[in-house]
Amino acid sequence: MREKIIEAKNLIKNYGDFTAVNDISFWVEKGEVFGLLGPNGAGKTTTINLLIGMAKISSGKVYYDGVDLTRSIKKAQEIIGIVADESNLYDEMSGYDNLCFCGSLYGLSKSDREKKAKDLLNTFQLNEAANKKFKAYSKGMKRKLTIAAALIHNPQILYLDEPTSGIDVASARQIRDLIRKLNQKGTTVFLTTHYIEEAERLCDRIAFLNRGKIIKIDSVNNLINESKDENIIEVVFDENVSDKEQLSAKLNEKFTYITCHFKNDNTIKIISLKPIDISPIVQFLSLQNIFIIEARLHRPSLEDAFVKLTGIEIDLMKKDKEKK
Amino acid sequence: MKQNIAFWNILLKDMKNYYLKPPNISWGIIFPFAWMLMMFVKTKSAFHIEEVFSGIVAMSILFGTTSMLSVTITFERKSRSFERLLLAPLRMELLIVAKITGAILFGIFNSIIPVLFSVLYFKAVVANWTVLIIGIILLSIISTLLGLFISVSAKEVFEAQTYSNFFRFPMIFLCGLFIPIATLPVFIRPLSYLLPVTYGVDILKYSITGNNTLSIVLDLTLVLMFCFMLFYSSLFFIKKKWII
């Protein structure tokens, strides 16, 4: 095991009667990408806020590099870079000025911050927009500049709260590539996301968080292996199923060894612990006068592990986030 | 050294982004000028500049600083850019001093027009220039700190403006700017002495006419005490309310 750079022990955060973070413990190893995955309201942002000093810890301890900084997280702020879930730079300042200003907050000299700002604008392909006001940037550009601002002082740890949420595909891909490159250079990355594919692609280890509690922490491979004992068939219908419960009941009656649940209105997920044949199921469903447009055996993924452990459907989680 | 760089750049950023914007500069010039002109037109030949000098200076500072600071801080909190400052490895005290310094300098700038106009045009005689400068600086600090105190409670920019007006307008009448406290109804007078601006205005009066209500040492002590109280209570509430 690598050295622990962040460690949270029995963290609790109460807001009056409501417990946002409920006795969670975990650690982040130096140089890894650690992901916190969970639905809206799971406590992801609160957990980050507790670790960076934007929220007061009700009880528990936070260690950085083995040092207890629970009551003095300010001391850790020199080695951390923070990208909040919303861009929080200055609208009236240019991209370049924003970066230089952020550098000054960490005490970088004028020449250092100017050089670093130019390098970062180059890395994030924002050179042409360097002198444009931040408010004129697109959402993707804003996100990239916000990440650049968090890197101006070469932090050892980078916190990213929903780094690709609500931005275009190309920018999201570029941000993911940059996270990978940064990590390869030795930066520890702590990210929260509700995009399970993103977590699967980027993270070394993941913690599933739901209702303020950590359900499971493990490496991506181990989490996927948790679902390997399951055989899954996903069937997509051409139109929404009106009586989902009735269809599920019929399936269970016919195939007693399966459990099934609807992923969304027109997709059913059939899970079996023993090897499963797709054709009798498709045949049975066709007899119910339901037109099938796709049926496939599904390889276990992180999503399956997440659904299995939390009982939360990813599609619902995404919709919930989009609504927000 | 690192903290100094951060302090200086926060101050420069605020000056450039907020205080040196043309609408604010013109406010700093037009507002006191308009008040002096109003006094002049109203009293015509019987115009005694020494009677209104301190009031106009105090009002220019008060109106220039309180809302400016509370609005800029509330605006930055709303746009979440203030979070960036809170997350920087900066002592909270230094961060707040950096934020208020811009407003203090703006308050001092606002006082220059009425001072120059009174001295050069109306030939006002200043009894003690050193005390006048100290008074202007202290009044700028206390007005700015009132703005800071307001910004702690405001969540929206309009709230910051409303709260500022709620404090500022009564102060025109309660703090002896134009109406001597001694002429106010007896039951209102204790309220006047609870307001820090009263003592700032008293210092200005002393610097111009050589006469004031309280002793200059008491005025200076009380203003400094209010500064200390407002600064640390604002700091306490910022830590309590903004880092939840």
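**Exercise 1. State how much of chain A is buried, then describe strand E6(A).**

Buried residues make up 40% of the 324 residues in chain A, where buried means that 20 or more other C-beta atoms lie within 10 Å of a residue's own, with C-beta atoms placed from the backbone. This is a predicted model, in which local features need pLDDT of at least 70, side-chain atom pairs count only at pLDDT 80 or more, and totals for chains, interfaces and linings use all residues. Residues are numbered from 1 along each chain as its sequence is written, while chains are lettered from A and ligands numbered from 1 in the order in which they are written.

Step 1. In a regular strand the side chains alternate between the two faces of the sheet.

Step 2. Strand E6 of chain A covers residues 80-83; strands are DSSP runs of at least two residues, numbered from the N terminus. Ile80(A) and Ile82(A) lie on one side, Gly81(A) and Val83(A) on the other, and all are buried.

Step 3. E6(A) pairs with E7(A), residues 157-161, in the parallel sense over 4 bridges; pairing requires at least two DSSP bridges. Opposite Gly81(A) stands Leu158(A).

**Exercise 2. Describe how helices H3(B) and H7(B) pack.**

Step 1. H3(B) spans residues 49-78 and H7(B) residues 157-174; helices are DSSP runs (H or I) of at least four residues.

Step 2. Their axes are 9 Å apart, at an angle of about 160°. Axes are lines fitted to C-alpha atoms over the stretch in contact, and angles run from 0 to 180 degrees between N-to-C directions.

Step 3. The two helices are therefore roughly antiparallel, the term for angles over 145 degrees.

How values were computed: Buried ≥ 20, exposed ≤ 12 C-beta atoms within 10 Å, placed from the backbone. Parallel < 35°, antiparallel > 145°, perpendicular 65-115°, else oblique.
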